Amino acid sequence: MSGYRLPAGGRVDRSKPVTFRFDGKTYQGFAGDTLASALLANGVTLFGRSFKYHRPRGVLAAGNEEPNALVSIHRGPGRFTPNLRATNVELHDGLNASSQNRWPSLKTDFGAINDRLGMFFPAGFYNKTFMWPRSFWERLYEPAIRKMAGLGDAPTENDPDTYTATYAHCDLLIVGAGPAGLDAALEASGTGKRVILIDEQDEAGGGALADPALWPWLERSMKALNAAAKVTILTRTTAFGYYHDNFIGAVERLTDHLPENSDGPREKLWRIRAGEVLLAQGAIERPLVFDGNDTPGVMLSSAAKTFANRYGVAVGKSLALMAVHDSGWHDVFALKKAGIAIAAIIDARTDVDGDLKAEAAALGISVHLDHSVIGVSGRHQVNSIEICANNGNARRTIPCDALLMAGGWTPSVHLWSHSKGSLKWRDDLGAYVPDQANENCRSIGACAGDWDFGKGAVFDVLPTLRDQARIKAFVDFQNDVTAKDINLAVREGFRSIEHIKRYTTNGMATDQGKTSNLNGLQIASTALAKAVPDIGLTTFRPPYTPQTFGALAGHAKGALFQATRTTNIDGWAEENGAVFELVAQWRRARYFPQPGEDMHAAVNRECRAVRGGVGIFDASTLGKIEVVGPDAAEFLNRMYTNPWKALEPGRCRYGLLLKEDGFITDDGVSARLAPDRFHLTTTTGGAARVLNMMEDYLQTEWPDLNVWLTSTTEQYAVIALQGPNARKLLEPLVQGIDLSPEAFPHMTVREGLICGVPTRLFRVSFTGELGFEINVPTAYGRALWERLMADGADYGITPYGTEAMHVLRAEKGFIIVGQDTDGTVTPYDAGLDWAVGKKKPDFVGRRSLARPDIVAAGRKQLVGLLTEDPNMVLEEGAQIVADPKQPVPMTMIGHVTSSYWSETLGRSIAIGLVANGHAIMGETIYVPMPDGVIRATVTSMVFYDPEGARLHV
Amino acid sequence: MILIHCPYCDEQRPEIEFAYAGQAHIARPANPDSYSDEEWERFLFFRANPRGRHHERWRHTHGCGRFFNAVRDTVTDKFETTYKAGEPRK
């Protein structure tokens, strides 16, 4: 027990005690505490175990740079957050926190054996040691290492909280509400500018919160800003990333500080576009590198001041200071004045300003200049420190229960660097500061190196008498990287700081090296005998501090992850037991099982109904494009492979669309409604792509053509009525259209009324049966469907889904673009020569059909495949070989693209892409599968009614 | 998220409204048959990959729907200018 609550002082509300738990034990703190300040006030020194060596660790800092005191917070089922910094966790009644990376308990941790074996765990240890045998890595080494080395556990349940997101626009965004940020906000308020001021803490003030002399100013300033028009102040909000064109991502924490889980969102993602950005993020104090600098009770000097002044907590009963910077002296003076005993000031500099020495003398503090700490005794907390003059003399022990480090300051240039602003090295600060801006952005205050903390010297490692190879002087506390590791990396030949960083993992933990980067650079600089700017600086990347996946995902999860498009008839399908599948973003009925039916039984029944009676199918998802204008036919003639100019109004045509490289990209049946008007259909998944491609050619290649393209996919519900009884069912419902075969033959279109509703009635078939596709305005889709279902009862009307549709079209050898083609299939490969207008001078992709590779022999071509065993249904995607006896790896000559049980034919059918397929009709190919080789014969793709007799009735 | 100026809307709008559409100023030949296999291959498949100024096409997909040309620096990701399709190379 070491720290304690000071009798007075701080901004905590001593009238509001708060009860909380840490590792199962109950403690008390005050409203306004953080978990760290409350635990320190209760005398707790041990907060966690380190990542690699499982060394006991306490609190290093008081802010977001804290690398050691990581905790897990439990807020009920599913509400578990690991790896939060205890210094950032606001205390509330019932807060339930636990430490991490220890077993069975924080005090007795078996993993601490790693610390005793530390000499065997140098940089690159895992890569060097667990090399052999290779197969052991995934099964044994990695799981074991991950179990030992780690942070908090990942949550195992779904997160029940909700998250929200918003956009915001402002003229001026100020990041950081410390003195610099507040001054800037005050200056901008009242100028008419829209100002957003954000700060990650629960109240604005930043460094001023730890300086009681500034509290009256802070109160006045906040009053003025709260009253100012057009100034928005966001606290508990972290600007985590700075993106192009002054776009800043920030997360506001809305409920974690409240005792009860709220119904409202837990966090809010702010996407802020700012005219100008002012960065006022402040600076972070640097630790010093010496043996035992990670012992619980060794912490940043500024943190001790913050705990005392802001939270009213003394971090120990007797504090020593190890300084190389004036700021530590001022901190210690403030602590002494707050009533905390100061054991000694040790400063590695040979001399300091007379004022400092005078004030120390006046306060009765003993001072050791030109001395350094060379050792710390105590395992779970500091008992004493050993110091020594830098010339090696005057070794002595000083009893104390906390050691403060004042290593100088590192400006927080994280967001500045995200924005790709450049940095310059300042030798006097031993730090990088902002140089040239890349966005409309300025850094102000301490993050620009502009501070009144006094001056200091820069040390990489403090002088020591001890053997450098045997001491544990930590640089990166969170990843357990020591000065020795960095020196080893340099000895092993690493020169770039980027490589040294990755080899040692310095700066790669969740804190991204907030306290370790510059010490690591200094040590590498000494080892390489090069100036710091000459060895580079690692890249800063978002997020500035870890953020939840929930905040980034926002509403985009579950049903809202992606929009589901449904047709007007979808509700009927759902009510009638359809099994659905997603096709692009559309939800489509796959089959309609009746009680006791599996998919195969349902699909077989649906197929029999279409071939023997009449089936009804929701084809509304087909892409539709209205092509209008005097040059519409000319335009389509240039886009599609087929000729369009001679197509008479009222007639349909199968259109095949290539990309300029000659490969099939889409197809569909389209109709000419009038000389200047076409109704195009595309594949369900290709609708947007085809419209984009057509717009591209129309706008940029042929802007002289007078044509307009409009997506009409969602304007029409489309019902396919397919089967020998289709006409009989339809005839009584249609007005103004003669359905007789002579007046309305296959591949024509008519406009009229159905049940009094305007329709574009297509006589087309994707099944090989007599068929109609009825287009009506979308809102009438379901009503028409229900009428057809009612009237069709006598004809055995049967709704069928996409699965039966696939089987029926495969029986006829109709391809599905994207299933039977894969972006490498030409019209010739697909057996669609007939759809290519040989006399046309040009169309998209035409020139490519004469490319050497496309006219070469041996291309893969679409063919039918009939297995020797008619009951054997091939697997789609299965590879095809010519000779199954050849040694492995075999030469693959193609693969199966479509394969089904054909109820109509009473056997299996398949389509495949096979090298030289058109030339090897009747030959046997082989499909090697795990449980044997399947023999099949290459055939025509048209398995059913090759003459088309069933269509033309 | 980058802001892109649509020369048709004359508005600076966020990147998510736009879709990239490849290198600019590659005109489809009026008579592709006049191209040799090598020339056609270059037209189809060869594209610039400069470090620095890049002429490229964008479409204001979720806005006016127009294709336009832009000059973007591939190092800084900054747009130098955007201009309407058909206007001379900038």
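**Entry 1: a strand pair to start with**

I began in chain A with strand S34 (residues 623-628) and strand S37 (residues 677-682), which pair in the antiparallel sense over six bridges. I picked one residue to follow across: A:Glu626 has A:His679 in S37(A) as its bridge partner. A reminder to myself before going on is that this is a predicted model.

**Entry 2: the sheet around that pair**

Next I asked which strands make up the sheet and in what order. I found an open sheet of five strands in chain A, ordered S35-S36-S37-S34-S38, with antiparallel pairing. Strand S35 (652-658) and strand S38 (708-711) of chain A have a single partner strand each, so they stand at the edges with one side lacking a neighbour in the sheet. I noted an average twist of 25° from one strand to the next.

Then I looked for helices on this sheet. Helix H17 (residues 632-639) of chain A packs on it, touching S34, S35 and S37 of chain A. The direction of H17 makes about 130° with that of S34(A). Helix H18 (residues 687-701) of chain A also packs on the sheet, and its contacts are S34, S35, strand S36 (664-674), S37 and S38 of chain A. For H18 I wrote down an angle of about 165° to the direction of S38(A).

**Entry 3: a parallel sheet**

I moved on to another open sheet of five strands in chain A, with the order S16-S24-S18-S19-S20 and parallel pairing. Its edge strands are strand S16 (298-300) and strand S20 (367-369) of chain A, each pairing on one side only. Here the twist averages 20° from one strand to the next.

Inside this sheet I checked strand S18 (residues 318-323) and strand S24 (residues 402-406) of chain A, which pair in the parallel sense over five bridges. A:Leu319 stands opposite A:Ala402 in S24(A). Helix H8 (residues 326-337) of chain A packs on the sheet and touches S18, strand S19 (341-347) and S24 of chain A. The direction of H8 makes about 140° with that of S24(A). Helix H7 (residues 301-311) of chain A lies across S16, S18 and S24 of chain A, at about 85° to S16(A).

**Entry 4: one helix and its two faces**

Which residues of helix H20 (residues 781-791) of chain A are buried? I listed A:Gly781, A:Leu784, A:Trp785 and A:Leu788. They sit on the same side of H20(A), because they cover an arc of only 105° around the axis. On the face turned away from that buried side I found the exposed residues A:Glu786 and A:Ala790.

**Entry 5: what UniProt says**

I looked up the annotations. UniProt, in an unreviewed entry, lists "domain: GCVT N-terminal" at residues 572-840 of chain A. That span is 25% helix and 30% strand, with its end C-alpha atoms 46 Å apart. UniProt also places "domain: Aminomethyltransferase C-terminal" (unreviewed entry) at residues 860-945 of chain A. There the chain is 0% helix and 52% strand, and the end C-alpha atoms are 26 Å apart.

**Entry 6: the whole chain**

To finish, I stepped back to all of chain A, where I counted 22 helices and 50 strands. The radius of gyration is 38 Å, well over the 30 Å that the globule rule gives for 953 residues, so chain A is more spread out than a compact globule. The C-alpha trace spans about 115 × 70 × 55 Å along its principal axes. Of the 953 residues, 49% count as buried. Among contacts with a separation of 6 or more, 67% join residues 24 or more positions apart.

Definitions and conventions:
Residues numbered from 1 in each chain as written. Chains lettered and ligands numbered in written order. Predicted model: local features only at pLDDT ≥ 70, side-chain atom pairs only at ≥ 80, totals over all residues. UniProt positions renumbered as here; feature names shortened; annotations may be inferred. Helix = DSSP H or I, 4+ residues; strand = E, 2+ residues; numbered from the N terminus. Buried ≥ 20, exposed ≤ 12 C-beta atoms within 10 Å, placed from the backbone. Arc of directions from axis to C-beta. Pairing = 2+ DSSP bridges. Axes fitted to C-alpha atoms, helices over the stretch in contact; angles between N-to-C directions. Contact = placed C-beta atoms within 7 Å. Rg over C-alpha atoms; globule rule 2.2 N^0.38 Å.
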